[in-house]
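Visitor: I'm new to this one and would like a close look at a single part of it. Could you take me through the aromatic rings and the interior around them?

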Amino acid sequence: MSALIFHHYPTSPFSEKIRLMLGYKHLPWKSVVIPSIAPKPDLVALTGGYRKTPVLQIGADIYCDTALISDVLEHLQPLPSLYPEPSKGMARTLAQWADSTLFWTAMGYNMQPKGVAQMFDHMPPGTAQTFMEDRQAMRKGMQRLHPGDATAAYKSYLRRLSDMLDSGAFLLGDVPCITDFAVYHPLWFTRTRTSVLADIFNITPAVLEWMDRMHAIGHGVFEKFSAADAIRYFSGRTRHCPGQPRARHQRKLRPRTDRRRTGGRHTHALHAAPHRRPRGHGPRSLSAHRLCAEGRDCRMTAE
């Protein structure tokens with residue numbers, strides 16, 4: 001299997017979602033740390049303009065959405081499963097709710113003045129303003145919840161999550177599923193990045209205990225990897241990851257924009273799974289089009 005190259009930054013909540021999945025599935029990965037705000041020249045060189053975080057690279061194949069990335073990881077390493085029976089339909093539905101409704105509620109709560117002050121406390125003057133402008137550009141047309149409304153909704157959701165933990169160690173049973181990873185990352189942001197506001201969890205000790213169990217999963221085995229090496233690996237100038245044995249038969253990989261396979265339609269960068277998959281890279285039994293369909297998620301998030 002080609003190396004998993006993960007483009008992320010440490011404080012990204014959606015990146016934490018995938019980092020924990022990689023640890024849960026015991027998949028080794030290479031870490032490319034990218035900027036948290038634009039410009040991101042090395043990333044957009046790979047994605048064709050898509051600039052959100054995170055991005056998974058497998059050889060010359062690029063996967064740009066965490067719902068899609070989750071399916072790719074499940075295909076590469078089926079066990080332990082992110083979608084255990086018999087509740088995989090419910091798990092997917094709840095995960096979509098968590099990545100949208102719960103996430104934006106948590107962010108509305110986290111971005112109170114006290115939370116913002118903590119986030120940018122040790123950063124140069126003007127960083128907070130630059131960050132807010134960058135995120136606002138990605139949320140055109142969206143209204144952020146008023147902090148008071150967000151607080152009330154967040155408390156309500158936490159109580160419901162606590163009720164779900166009455167019958168098991170995790171949200172839908174005794175083992176984690178996609179729902180746990182999707183619910184965890186916005187709460188993780190509150191607890192780690194805006195810890196001055198983390199007293200909201202005091203009303204739901206069961207949720208805190210569950211968060212400790214999720215944290216204990218860890219990020220698995222990974223090593224640092226440079227953006228330059230990732231680009232060379234993509235372009236074909238280096239057709240293997242440095243430090244890995246070369247395959248005996250290799251052919252040059254060329255990034256391409258090819259509309260013929262989609263009948264001339266433009267494929268949005270959000271679903272940047274390749275139209276034509278180079279041999280030896282990426283999932284072999286799932287077509288790119290199927291992966292796009294399963295992983296579609298057109299929300300405008302702060303990924």
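Which residues form one aromatic cluster with Trp-29?

Guide: Trp-29 shares that cluster with Phe-6 and Phe-222. Keep in mind as we go that this is a predicted model.

Let's stay with the rings for a bit. Searching the whole structure turns up nine aromatic pairs. Take Phe-14 and Phe-103: their ring centres are 4.8 Å apart and their planes meet at 50 degrees, so this pair counts as tilted. Phe-14 belongs to helix H1 (residues 13-24) and Phe-103 to helix H4 (residues 88-110), so the pair ties together parts that are 89 residues apart in sequence. Both of these phenylalanines, Phe-14 and Phe-103, are buried.

Tyr-109 and Tyr-154 make another pair, with ring centres 5.3 Å apart and planes at 65 degrees; an angle over 60 counts as edge-to-face, so that is what this pair is. Here too distant parts of the chain are linked, as Tyr-109 sits in helix H4 and Tyr-154 in helix H7 (residues 147-164), 45 residues apart. Tyr-109 and Tyr-154 are both buried.

Some rings have a charge for company. Over the ring of Tyr-83 you'll find the charged end of Arg-92, 4.0 Å from the ring centre. Arg-213 does something similar with Phe-170, its charged end sitting over the ring at 5.9 Å from the centre.

Now for the interior. The largest nonpolar core has 58 residues, and those touching the most other members are Leu-4, Leu-56, Leu-73, Tyr-154, Leu-187 and Trp-210. Helix H4 gives the most to this core, nine residues in total. So Tyr-154 turns up twice on our tour: as one half of an edge-to-face pair and among those core residues with the most touching members.

Leu-4 is a good one to click on. Leaving aside its neighbours within four places in sequence, Leu-4 has contacts that include Leu-22, Leu-27, Pro-28, Leu-56 and Leu-73. Trp-29, from the cluster you asked about, is also one of the contacts of Leu-4. Apart from the largest core lies another, of 15 residues, with Ile-34, Ile-62, Ala-230 and Tyr-233 among them.

Leu-73 leads us to helix H3 (residues 66-76), where nine of the 11 residues are buried, so the helix is largely enclosed by the rest of the structure. The buried ones include Leu-73 itself, along with Thr-66, Ser-70, Asp-71 and Glu-74. At the N-terminal end of H3, Asp-65 acts as a cap, with a side-chain oxygen 2.9 Å from the backbone nitrogen of Ala-67.

Past H3, in the loop between H3 and H4, comes Pro-86. The peptide bond from Glu-85 to Pro-86 is cis, with omega near 5 degrees. A cis peptide bond also joins Thr-53 and Pro-54, where omega is about 5 degrees; Pro-54 is in the loop between helix H2 (41-47) and strand E3 (55-58).

For contrast, try His-26, in the loop between H1 and strand E2 (29-33). His-26 has a relative accessible area of 64%, so it counts as exposed.

Stepping back to the whole chain, there are 11 helices and five strands, and 52% of the 303 residues count as buried.

Technical notes
Residues are numbered from 1 along each chain as its sequence is written. This is a predicted model: local features need pLDDT of at least 70, side-chain atom pairs count only at pLDDT 80 or more; totals for chains, interfaces and linings use all residues. Side-chain values use heavy atoms; hydrogens and water are left out. Rings of Phe, Tyr and Trp (its six-membered ring) pair if their centres lie within 6.5 Å; planes under 30 degrees apart count as stacked, over 60 as edge-to-face and the rest as tilted. Helices (H or I, at least four residues) and strands (E, at least two) are DSSP runs, numbered from the N terminus. Buried means under 20% relative accessible area, exposed over 50%, partly exposed in between (1.4 Å probe, protein chains only). A charge sits over a ring if NZ of Lys or CZ of Arg is within 6 Å of the ring centre and within 35 degrees of the ring normal. A nonpolar core is a set of buried Ala, Val, Leu, Ile, Met, Phe, Trp, Tyr and Cys residues joined through side-chain atoms within 4.5 Å. Contact means heavy atoms within 4.5 Å. A polar contact is a pair of N or O atoms within 3.5 Å; within protein, one must be able to donate a hydrogen and the other to accept it, and residues adjacent in sequence count only if both atoms are side-chain atoms.
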